Amino acid sequence: MDNFSNIIRERRLAMKLSLRDAAQLIGISHTYLNNLEKSSDPRTGIKNKPTPETLRLIAAAYELDYNYLLQSCGYIKETSLEVPPHLTELLAACRKLPKSDVRCITKFAQFLLERQSS
């Protein structure tokens, strides 16, 4: 869960959104979003585990992969695909980027492949 908290806090900050603006974009209260970013309710100390539906809202608003958020909250286990370290690094960087930037990276990779086959 701490990983999830870091993911959503870093994404909100990267998008330059206040807690209130981000919460409005997602469709949840700013208090709940603040608790999610802190990983637990400060009054009770109970860990927050958002529902899959809340994760879907966050994924859509923050342009993040829904399955990645499900994994970070423990709803599904990570797949055991063997990914080379350089691709793991690229994927980690892309997870923090908006979809439009990832599309540009994908187009550039396709350009490089086309250039190699020419």
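This report describes the fold, one pocket and one surface patch of a predicted model.

**Overall architecture**

The chain contains 7 helices and 0 strands. Read from the N terminus, its elements follow the order α-α-α-α-α-α-α. The C-alpha trace extends over about 60 × 30 × 20 Å along its principal axes. Of the 118 residues in the chain, 29% are buried.

**The second largest pocket**

A volume of about 250 Å³ belongs to the second largest pocket. Its lining includes Glu63, Leu64, Asp65 and Tyr68, and further along the sequence Leu91, Cys94, Arg95, Leu97, Lys99, Val102 and Arg103 also take part. Two helices, α6 (85-95) and α7 (99-117), each contribute at least two residues to this lining. The table divides the lining residues of this pocket by class.

| Class of lining residue | Number of residues |
|---|---|
| Nonpolar | 6 residues |
| Polar | no residues |
| Charged | 5 residues |

**A nonpolar patch on the surface**

On the surface, Val83, Leu87, Leu90, Leu91 and Ile105 make up a nonpolar patch. Together these residues have about 380 Å² of accessible area. Helix α6 gives the most to the patch, namely 3 residues. Leu91 belongs to the patch and also lines the second largest pocket.

Leu87, another residue of the patch, is located in helix α6. Is Leu87 buried or partly exposed? The relative accessible area of Leu87 is 37%, so this residue is partly exposed. The limits for this class are 20% and 50%, and a value in between counts as partly exposed.

Note on methods:
Residues are numbered from 1 along each chain as its sequence is written. This is a predicted model: local features need pLDDT of at least 70, side-chain atom pairs count only at pLDDT 80 or more; totals for chains, interfaces and linings use all residues. Side-chain values use heavy atoms; hydrogens and water are left out. On a 1 Å grid over the protein atoms alone, a cavity is a set of points where a 1.4 Å probe fits but cannot get out, and a pocket is an open set with protein on both sides within 12 Å along at least five of seven lines; lining residues have an atom within 4 Å of a point. Grid points are joined across faces, edges and corners, and a volume is the space filled by probe spheres set on the points. Helices (H or I, at least four residues) and strands (E, at least two) are DSSP runs, numbered from the N terminus. Ala, Val, Leu, Ile, Met, Phe, Trp, Tyr, Cys and Pro count as nonpolar, Asp, Glu, Lys and Arg as charged, and the others, Gly among them, as polar. Patches are made of residues with over 30% relative accessible area and no salt bridge: like charges are joined within 9 Å, nonpolar side chains (Val, Leu, Ile, Met, Phe, Trp, Tyr) within 5 Å. Accessible areas come from the Shrake-Rupley method with a 1.4 Å probe; for residues, only the protein chains shown count as cover. A salt bridge is a side-chain nitrogen of Lys or Arg within 4 Å of a carboxyl oxygen of Asp or Glu. Buried means under 20% relative accessible area, exposed over 50%, partly exposed in between (1.4 Å probe, protein chains only).
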